[in-house]
Amino acid sequence: MSQVSLTPLTSPAVASNIDMDDVTHFLLELDALKRINRRSYVTKTTRRENSAEHSWHLAMACWSIAEAFELDVNHERLLKMALVHDLGEIDAGDTFLFANSRSDAHVEERAGIARLQAERGNGIAALSEVWEAQETGSSKESQLLRVVDRLLPFLLNLNTEGKTWVEAQVTRSQVAYALAFIKDSFPPIHDWLTKNIDYATQQGWLVDA
């Protein structure tokens, strides 16, 4: 069996300035996102997904859709946005899409991002910048991210017999309103969503109102 000769990944000069206790401290701060549960259920289970799982799914879905539709987007920027998208929830928690407090969620999330940015061991200098770009920006990458972020919970509901919708008594009009912006951003996805809103309503998973 042949052996591969490995080249050191970092220079001794750089490595000597890095405190691995700080580095691993920040990694554990990120790990906390696994403890934030969302309202959507994981398919073929009885448990809810956590925000870390959603972030992974969001990144993969954005990547796949960008390539499938041959979108002119910066893949590195898109994936970074997807990965930081929910980090503010470590401090703020997840806010249900149809909750009355939804419009204020960004305030606590932004504060959480600021804390992470200043946390010891953080090696991502642009963490706050990337988060702000996906939160308030109008780039193609941020637009796609918002579309896919609404698509995924809908998809999970559709494949768990509307479990979250039924529990919260979500209405057809609430879902349609939350997804309306996609008509201009990504018509093919909006057409699919509209068809399946009708289906979910027929199944009784959405309140017909």
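## Burial and overall layout

A residue is called buried here when its relative accessible area is under 20%, and by that criterion buried residues make up 38% of the 209 residues in the protein. The model is a predicted one, and what follows should be read as a description of that prediction.

The protein contains 12 helices and 2 strands, which follow one another along the sequence in the pattern α-α-β-β-α-α-α-α-α-α-α-α-α-α. Its C-alpha trace spans about 65 × 40 × 40 Å along the principal axes. When contacts between residues at least 6 apart in sequence are considered, 66% of them join residues at least 24 apart.

## The nonpolar core and helix α8

The largest nonpolar core holds 45 residues, and those that touch the most other members are L87, V148, F154, W165, V175 and I189. The elements that contribute two or more residues to this core are α3 (51-68), α4, α6 (105-118), α7, α8, α10 (172-179) and α12 (187-202), with the largest share, 8 residues, coming from α8.

Helix α8 covers residues 140-158, and the 27 Å from its first C-alpha to its last is close to the 27 Å expected for its 19 residues at 1.5 Å a residue. Of those 19 residues, 14 are buried, so α8 is largely enclosed by the rest of the structure.

## L87 and the second largest pocket

L87, already named among the core residues that touch the most other members, is in contact with L30, L33, I113, L116 and L127 when residues up to four places away in sequence are not counted.

L87 also belongs to the lining of the second largest pocket, where L30, L83, V84, L87 and I124 are the closest to the centre among the 13 lining residues. The space in this pocket amounts to about 250 Å³. Two or more lining residues come from each of α2 (20-31), α4 (75-84) and α7 (127-136), and α4 gives the most, with 3 residues. In chemical character the lining divides into 10 nonpolar residues and 3 charged ones, with no polar residues.

## A59 and its contacts across helices

A59 lies in helix α3 and has a relative accessible area of 9%, so it counts as buried. Leaving aside neighbours within four places in sequence, A59 is in contact with L79, A82 and L83; of these, L83 is also one of the residues closest to the centre of the second largest pocket. The C-alpha atoms of A59 and A82 are separated by 5.0 Å, although the two residues are 23 residues apart along the chain.

## Two residues with positive phi

K44 has a positive phi of about 60° although it is not a glycine, and its place is in the loop between β1 (37-41) and β2 (48-50). Because its relative accessibility is 87%, K44 counts as exposed.

Q169, likewise not a glycine, has a positive phi of about 55° and is found in the loop between α9 (163-168) and α10. Its relative accessibility of 53% means that Q169 also counts as exposed, given that the cut-off for that class is over 50%.

Key. Residues are numbered from 1 along each chain as its sequence is written. This is a predicted model: local features need pLDDT of at least 70, side-chain atom pairs count only at pLDDT 80 or more; totals for chains, interfaces and linings use all residues. Side-chain values use heavy atoms; hydrogens and water are left out. On a 1 Å grid over the protein atoms alone, a cavity is a set of points where a 1.4 Å probe fits but cannot get out, and a pocket is an open set with protein on both sides within 12 Å along at least five of seven lines; lining residues have an atom within 4 Å of a point. Grid points are joined across faces, edges and corners, and a volume is the space filled by probe spheres set on the points. Helices (H or I, at least four residues) and strands (E, at least two) are DSSP runs, numbered from the N terminus. Ala, Val, Leu, Ile, Met, Phe, Trp, Tyr, Cys and Pro count as nonpolar, Asp, Glu, Lys and Arg as charged, and the others, Gly among them, as polar. The expected span of a helix is 1.5 Å times one less than its number of residues. Buried means under 20% relative accessible area, exposed over 50%, partly exposed in between (1.4 Å probe, protein chains only). A nonpolar core is a set of buried Ala, Val, Leu, Ile, Met, Phe, Trp, Tyr and Cys residues joined through side-chain atoms within 4.5 Å. Contact means heavy atoms within 4.5 Å.
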